[in-house]
Amino acid sequence: MTVLELSNPAAPARRPVNDPSRVDYAVIANMVRAGARVLDIGCGDGALLDLLARSKNVRGRGLELSQAGVNACVARGLAVIQGDADRDLADFPDDSFDYVILSDTIQQVRHPRRVLGELMRIGARAIVSFPNFGHWRVRWLLATRGRMPDTPALPSRWCDTENLHLCTVRDFAELAAEMGYRIERAMPIARGHAGAPFAKTIWRANWFAEEAVFLLARA
Amino acid sequence: MIPASAPAKWTATGGLRTLVFAANAPLQLSSGAHIAPLTIAFETYGALNTDKSNAILVCHALTGDQFVASPNPITGRPAWWPRIVGPGLPIDTNRFYVICANILGGCMGATGPASPAPDGAAYGLRFPAVTVADMVRAQAQLIEALGISSLFCVIGGSIGGMQALQWAAAYPKRVFACAAIATAARHSAQNIAFYEVGRQAIMADPDWRGGDYVKHGVRPAKGLAVARMAAHITYMSEAALKHKFDRELQARDEVSFGFDADFQVESYLRHQGASFVDRFDANSYLYITRAVDYFDLAADYGGALAQAFKDSPTRFCVFAFSSDWHYPPAENRAIARALVAAGAEASYVEIETDKGHDAFLLEEPAFESALTGFIDAAAAARGLTLNAGARA
């Protein structure tokens, strides 16, 4: 069983100033080697790429669907392609990046397996973060109320959410293994902090991580 | 490149500024032919800074001219890009030195088929076929003569975008940033077909006289008007046509059961055609559309567009408009894909609009804000401070 990092002493204590709600940004930044080539899929307004450029001196590129996000990225001086993770990853050549990041997006794509395969084709490594549907509160709410859970990581009602493919930490680890990828690192996030109580293994993280960040490499 | 000693003369008459290269400094063309003497007609706005690092070259479209930000003194028509180029606008003339030149083969002062050949008579069909690469080569001569070794930005829409891409491919070290708008790296079969309709309309006009209409003191106005009408349809989306005209009748309550302009859309197209012939030369239309038909940037690089931009140091931004069916998003996306494959620093922006191909000339706030962002970020990367010329 994969042993997880209980907490990450090297992770910045402070959250990125430009997006305090995204603890996963700090965790992701900590997984990226300085000076690397990074592609951020679903890069939003470019906050993470900006953080990576400033803190890790990466050569960043982005893919983003929304007009507001693309315009914000261009105005930051970032190179961003307006497009869709399901449709446009084919435009990126094999092995063209050191890391391909998919933060809080895999649950929103139409074909997660195909997208994950594209990530690992384009980059030597992939960093994927997502909300954990296996968190104890989700299970508790589902079990006691019999309704889709309403948690900080899953704030929208079932009919309003963009999420199409919610999964648990174990589900994702299983898919990665099935596709032949190695989990180099996995970081649970709970209550706004990297590392979750008791989350030493995938099994435990599945109970206690509100979100998770995986660093995958080709086996 | 022209030798520094090439005999060139600056002139400014009748509101047209030109640079004239003498007969012993010919422009070599892609076809193997050459043009001499060569006249480049251009306009500039703003001031060149001391290290000559703030120059922006604007490349105009098929029927445009060099008067990007001021009224054309010959035709009296207003500036053609008034929302983009000017003081305080996305291409801020308080900050940048903006250059726009009439394209080779054009009819607003540039050497073209209506210009006198060395024998004194108008070239007519004796004018050699030109290409987009030739247009860019002529512009490069102008830029060099202005003492600018590296342009801050080359920007253009439609076939202006083709020129911008050609610039970046041919002179990568002389283009810091490149904005290609609503364009394509190659002219599609559908577009060649539409242009061919236009050319046939011109050549079918009895007043075309085998291209020698100048000698006969006539003009193939009817043919040129039809060419313009056919092309103009491709610049507008179906939604825009419906929104603007639908099936509304023109100054009447019922159809005439004849061939008058019953419908507003007919009246509009006839007006577009009629006003065009007053300002444009029919042979120029033939030559320029042919140059665009021939444009296939990848062909010069072994068929792989990415090769055209290999190791390019230029920052690119490609803009497309969702309802543009003249140069649709897919064509622009193909450029972006090649740039990504080449490892270039490239952005691709696809604006949702119903305004069609002409959207880049119209009010389109999302486009204007994206373009401003691209220019400002590139200026910051180039070290051009806001106060290089004091923004209004």
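**Exercise 1.** In which sense do strand β2 of chain A and β3(A) pair, and over how many bridges?

*Solution.* The model is a predicted one, and the first step is to locate strand β2 of chain A at residues 59-64. Between this strand and β3(A) there are four bridges, and the pairing is parallel. To place one bridge exactly, take A:E64, whose bridge partner in β3(A) is A:Q82. The last step is to include the helix, since β2(A), α3(A) and β3(A) make a β-α-β unit, and this unit is right-handed.

**Exercise 2.** Work out whether the faces of β3(A) are covered, and then describe the side of chain A that touches chain B.

*Solution.* Begin with the residues of the strand: A:A79 and A:I81 lie on one side of β3(A), A:V80 and A:Q82 on the other, and all of them are buried, which leaves both faces covered. A:Q82 is thus a buried residue as well as the bridge partner of A:E64.

Next, turn to the interface, where 14 residues of chain A are in contact with 21 residues of chain B. On the side of chain A that touches chain B, the elements giving two or more residues are α3 (67-75) and β3 (79-82) of chain A. The most comes from α3(A), which gives five residues. Sorted by character, the residues on this side of chain A are eight nonpolar, four polar and two charged.

**Exercise 3.** Determine how the radius of gyration of chain B compares with that of a compact globule, and describe the packing inside the chain.

*Solution.* Start from the count of helices and strands, which for chain B is 10 helices and 13 strands. A compact globule of 392 residues would have a radius of gyration near 21 Å, and because chain B has 21 Å, the two agree. Along the principal axes, the C-alpha atoms of chain B fill a box of roughly 65 × 50 × 45 Å.

The packing can then be read from two proportions: buried residues make up 50% of the 392 residues in chain B, and of the contacts in this chain between residues at least 6 apart in sequence, 69% join residues at least 24 apart.

**Exercise 4.** Find the residues with the most contacts inside the largest nonpolar core, and follow the contacts of B:A179.

*Solution.* The largest nonpolar core has 196 residues, and those with the most contacts inside it are B:I56, B:V98, B:C153, B:V154, B:C178 and B:A179. Its largest share, eight residues, comes from helix α10 (residues 365-382) of chain B. Once neighbours within four places in sequence are left aside, B:A179 is in contact with B:C153, B:I155, B:A164, B:C317, B:L371 and B:F374.

Notes. Residues numbered from 1 in each chain as written. Chains lettered and ligands numbered in written order. Predicted model: local features only at pLDDT ≥ 70, side-chain atom pairs only at ≥ 80, totals over all residues. Core = buried A, V, L, I, M, F, W, Y, C linked by C-beta atoms within 7 Å. Buried ≥ 20, exposed ≤ 12 C-beta atoms within 10 Å, placed from the backbone. Contact = placed C-beta atoms within 7 Å. Nonpolar A, V, L, I, M, F, W, Y, C, P; charged D, E, K, R; others polar. Pairing = 2+ DSSP bridges. Right-handed = clockwise from strand over helix to strand, strands pointing away. Rg over C-alpha atoms; globule rule 2.2 N^0.38 Å.
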